[in-house]
Amino acid sequence: MKKTILSALICSSFFAVSSTSSFGADQQNDTSKDIAAIQKTVVLQQQKISDIQSSNEKLLSALEKQGADYKAESKERFEQLSELKTALEDVNTKLDDTNQSITTLENTTKASEQNLKKDVDTLSADTAEKTSNLDNKFTNHSLLGLLGLLGLLGILGGVYWYLRKQHNQENVGLVNKVQSALEGVKQAEENIVQSDAQLITQLHEVLAQVKLEHAHLAETAALTASTHLVSDSEDNIDHGLAIKLADEIHRMRRRITALPENTKGLKSLSKSLERLEEELEGNGYEIIDYMGMNYTEGMTVKARFIPSDELDEDESIITRVVYPQVNFNDKLIQQADVEVSVG
């Protein structure tokens, strides 16, 4: 398209020269100078556009590599988070089992104490009754029996204290494991936020490159308009970087939604993402997210349909957005890719 514009410009210039040949040699020389100046300006603009396209290709390649690295790192982070959550569930299960064992032991001990108390009361009553009828020769035997009973009570108390101590130590160990698992989960969430913050910085650089490209294309359009030719520079804009930028903004939105609100740095990351999206909109781009919307026939989306038992019959809801719809100056430049749950 750019070569066509240049050819048209040159042909138009030559046509102007031929049409004015009758006005004399002096006018022909002036026209030749104007044509040479225009051709030189067109060559310079073409060189600038070529440099911008080369820079865009390098930046796009770097962005794709960084995106792949980031996806791998995010996948590893989410796997670690899943493992930590599994470990936390196991610890909670063990903690519940331990608490149940403690409760059972306490109930058993209380029942034993009550039975023992009844036995002691019964034995004391029998001993008091028999002591009054026995001679002094049985006094020592009664004292020995009482001492044995007291010794038995002491042994039972010692066993109960030892078992209770063991359970308390196990509870402390489980609490420490739970705390460690929670700290690991929190650290993984903070690492995700830090990685996204670094990615936003890189996306700002991409947006600056998009702005620069639009500025150069605007200059070319203004120059073309000055030569009375029809400009179609808007159709020549390469939207590749802007579409990549919109896709990354959409993915970061989903990650932020999945993180707890009290995650360190999450509010700052959300504000940075909002500013980035506003700057992108300021350059004429609009991101449309169909998540949670009802699907209707005729929507300009690439849809995959998945049966769902949770929806009513004939109900269709968009439950996943792989790629959002992107518009430029109210014109579609990327079709949304979605999954639709059908009842």
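Reader: Let's start with Tyr295: does it count as buried or exposed?
Author: Happy to start there, and please keep in mind that this is a predicted model. The relative accessibility of Tyr295 comes to 15%. Since buried means under 20% relative accessible area, Tyr295 counts as buried.

Reader: How many aromatic pairs does a search of the whole structure find?
Author: Tyr295 is a good lead into the aromatic rings. The search covers the whole structure, and the number of aromatic pairs it finds is 2.

Reader: What kind of aromatic pair do Tyr285 and Phe328 form?
Author: Their ring centres are 4.7 Å apart, and the planes meet at 40°. Planes under 30 degrees apart would count as stacked and those over 60 as edge-to-face. An angle of 40° fits neither class, so the pair of Tyr285 and Phe328 is tilted.

Reader: How many residues apart in sequence are the parts that Tyr285 and Phe328 tie together?
Author: Tyr285 belongs to strand S1, residues 285-288, while Phe328 belongs to strand S4, residues 325-328. Both Tyr285 and Phe328 are buried. Because the two rings sit in these two strands, their pairing ties together parts whose separation in sequence is 43 residues.

Reader: And the rings of Tyr295 and Phe305, at what angle are their planes?
Author: The centres of these two rings are 5.3 Å apart, and the pair is edge-to-face. That class needs planes over 60 degrees apart. For Tyr295 and Phe305 the angle is 80°.

Reader: Where in the chain is Tyr295, the partner of Phe305?
Author: The pair links distant parts of the chain, 10 residues apart, with Phe305 in strand S2. Phe305 is partly exposed, with a relative accessible area of 46%, whereas Tyr295 counts as buried. As for its place, Tyr295 is in the loop between S1 and S2.

Reader: In what order do the 3 strands of the open sheet come?
Author: The pairing in this sheet is mixed. Strands S2 (301-307) and S3 (316-323) stand at the edges, each with a single partner strand, so one side of each has no neighbour in the sheet. The twist from one strand to the next averages 30°. Read across the open sheet, the order is S2-S6-S3.

Reader: Which residue in S6 is the bridge partner of Ser316?
Author: S3 pairs with strand S6, residues 336-342, in the antiparallel sense, and there are 6 bridges between them. In S6, the residue bridged to Ser316 is Val342.

Reader: How far apart are the closest N and O atoms of Arg304 and Asp337?
Author: These two residues form a salt bridge that links distant parts of the chain, with Arg304 in strand S2 and Asp337 in strand S6, 33 residues apart. Arg304 is partly exposed at 35% relative accessible area, while Asp337 counts as buried at 10%. The closest N and O atoms of Arg304 and Asp337 are separated by 2.9 Å.

Reader: Which residues are linked with Arg304 and Asp337 in a network of salt bridges?
Author: By the rule used here, the structure has 9 salt bridges. The network that includes Arg304 and Asp337 also links Arg320 and Glu339.

Reader: How many residues apart in sequence are the parts tied together by Arg164 and Glu106?
Author: Arg164 forms a salt bridge with Glu106, and their closest N and O atoms are 3.2 Å apart. Because Arg164 lies in helix H3 (residues 139-226) and Glu106 in helix H2 (residues 25-131), the pair ties together parts that are separated in sequence by 58 residues.

Reader: Is Glu248 buried or exposed?
Author: Glu248 forms a salt bridge with Arg251, with 2.6 Å between the closest N and O atoms. The two are 3 residues apart in helix H4 (residues 240-258), so about one helical turn separates them. Arg251 counts as buried at 17% relative accessibility. With a relative accessible area of 10%, Glu248 is buried.

Reader: How far apart in space are Lys48 and Thr220, C-alpha to C-alpha?
Author: Lys48 is in helix H2 and is partly exposed, with a relative accessible area of 35%. In sequence, Lys48 and Thr220 are 172 residues apart. From C-alpha to C-alpha, the distance between Lys48 and Thr220 is 9.9 Å.

Reader: One last spot: what is the area of the nonpolar surface patch that Leu150 helps to make?
Author: Leu150 is in helix H3, and at 48% relative accessibility it counts as partly exposed. The patch is made by Leu144, Leu146, Leu147, Leu150, Leu152, Leu153 and Leu156, and its area is about 650 Å².

Conventions:
Residues numbered from 1 in each chain as written. Predicted model: local features only at pLDDT ≥ 70, side-chain atom pairs only at ≥ 80, totals over all residues. Heavy atoms only, no water. Pairing = 2+ DSSP bridges. Helix = DSSP H or I, 4+ residues; strand = E, 2+ residues; numbered from the N terminus. Axes fitted to C-alpha atoms, helices over the stretch in contact; angles between N-to-C directions. Salt bridge = Lys/Arg side-chain N within 4 Å of Asp/Glu carboxyl O. Buried < 20%, exposed > 50% of the residue type's maximum accessible area, 1.4 Å probe, protein only. Phe/Tyr/Trp six-rings, centres within 6.5 Å; stacked < 30°, edge-to-face > 60°. Patch = residues over 30% accessible without salt bridge, like charges linked within 9 Å, V, L, I, M, F, W, Y side chains within 5 Å. Areas by Shrake-Rupley, 256 points an atom, 1.4 Å probe, with all protein chains shown as cover.
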